[in-house]
Amino acid sequence: MSKKIYPSREWKTYWQAKRQHVIGKGQEFNLSQEECAELSRRADAKGIKPSYKEWHLGRKDHSKGYSKDNVKWENAHSNRSESSNRRWASFRKENLANRKR
């Protein structure tokens, strides 16, 4: 019998999907299985359940990959807002650069 690493099957499924999604986007995923399990236990203790619609793991610094020191739990709404703001800032920066040419 194998040792149970994750608090639930939901968490195991979440991490498998998360890893696949991140790598599929060409980003780095440098969290070990043990680190993922620890993040799961901490989230469970706070009442956070794995879900892309409510809570998920985000990055503190989006120029870096997923690593122990660069991740945080965030609700999906705030993450979507943050993502939209980053895209808008990037668009404005490109637009300003094109005007100066």
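Which backbone nitrogen does the side chain of Asn70 reach? In this predicted model, the side chain of Asn70 reaches the backbone nitrogen of Asp61, at 2.8 Å.

## Asn70 in its loop

Asn70 has its place in the loop between β1 and β2, and with a relative accessible area of 6% it is buried, because buried means under 20% relative accessible area. Besides reaching the backbone nitrogen of Asp61, the side chain of Asn70 has a polar atom that lies 2.9 Å from the backbone oxygen of Gly65.

When neighbours within four places in sequence are left aside, Asn70 is in contact with Gly58, Arg59, Lys60, Asp61, Lys64 and Gly65. The two residues whose backbone atoms were named above, Asp61 and Gly65, therefore appear in this list as well.

## Lys64, an exposed residue

Lys64 is also placed in the loop between β1, which covers residues 55-59, and β2, which covers residues 71-75. Its relative accessibility is 51%, so Lys64 counts as exposed, since the term applies over 50%; Asn70, by contrast, is buried.

Once its neighbours within four places in sequence are set aside, Lys64 is in contact with Arg59 and Asn70. Lys64 can also be placed with respect to Gln27, for these two residues stand 37 residues apart in sequence, while their C-alpha atoms are 8.3 Å apart in space.

## The chain as a whole

The secondary structure of the chain comes to three helices and two strands, and from the N terminus on these elements run in the order α-α-β-β-α. The chain has 101 residues, of which 28% count as buried, and it exposes about 7600 Å², with carbon and sulfur atoms supplying 49% of that area.

Among the contacts in the chain with a separation of 6 or more, 49% are accounted for by residues that are 24 or more positions apart.

## The nonpolar core

The largest nonpolar core has 16 residues, and those with the most contacts inside it are Trp15, Leu31, Leu57 and Trp73. The elements that give two or more residues to this core are α1 (9-24), α2 (33-45) and β2.

Leu57 shows in detail what such a residue touches: leaving aside its neighbours within four places in sequence, Leu57 is in contact with Tyr14, Trp15, Lys18, Leu31, Leu39, Tyr66, Val71, Lys72 and Trp73. This list includes Trp15, Leu31 and Trp73, which are themselves among the residues with the most contacts inside the core.

## Aromatic pairs

The structure holds seven aromatic pairs. In one of them, the rings of Trp11 and Trp73 have their centres 5.5 Å apart and their planes at 70°, so this pair is edge-to-face. Because Trp11 lies in helix α1 and Trp73 in strand β2, the pair ties together parts of the chain that are 62 residues apart in sequence, and both Trp11 and Trp73 are buried.

Trp73 also pairs with Tyr14: the centres of these two rings are 6.0 Å apart and their planes stand at 40°, so the pair is tilted. Since Tyr14 lies in helix α1 and Trp73 in strand β2, this pair ties together parts that are 59 residues apart in sequence, and Tyr14 is buried, as is Trp73. Ring pairs link Trp11, Tyr14, Trp15, Phe29, Tyr66 and Trp73 into a cluster.

Definitions and conventions
Residues are numbered from 1 along each chain as its sequence is written. This is a predicted model: local features need pLDDT of at least 70, side-chain atom pairs count only at pLDDT 80 or more; totals for chains, interfaces and linings use all residues. Side-chain values use heavy atoms; hydrogens and water are left out. Helices (H or I, at least four residues) and strands (E, at least two) are DSSP runs, numbered from the N terminus. Buried means under 20% relative accessible area, exposed over 50%, partly exposed in between (1.4 Å probe, protein chains only). Contact means heavy atoms within 4.5 Å. A nonpolar core is a set of buried Ala, Val, Leu, Ile, Met, Phe, Trp, Tyr and Cys residues joined through side-chain atoms within 4.5 Å. Rings of Phe, Tyr and Trp (its six-membered ring) pair if their centres lie within 6.5 Å; planes under 30 degrees apart count as stacked, over 60 as edge-to-face and the rest as tilted. A polar contact is a pair of N or O atoms within 3.5 Å; within protein, one must be able to donate a hydrogen and the other to accept it, and residues adjacent in sequence count only if both atoms are side-chain atoms. Accessible areas come from the Shrake-Rupley method with a 1.4 Å probe; for residues, only the protein chains shown count as cover.
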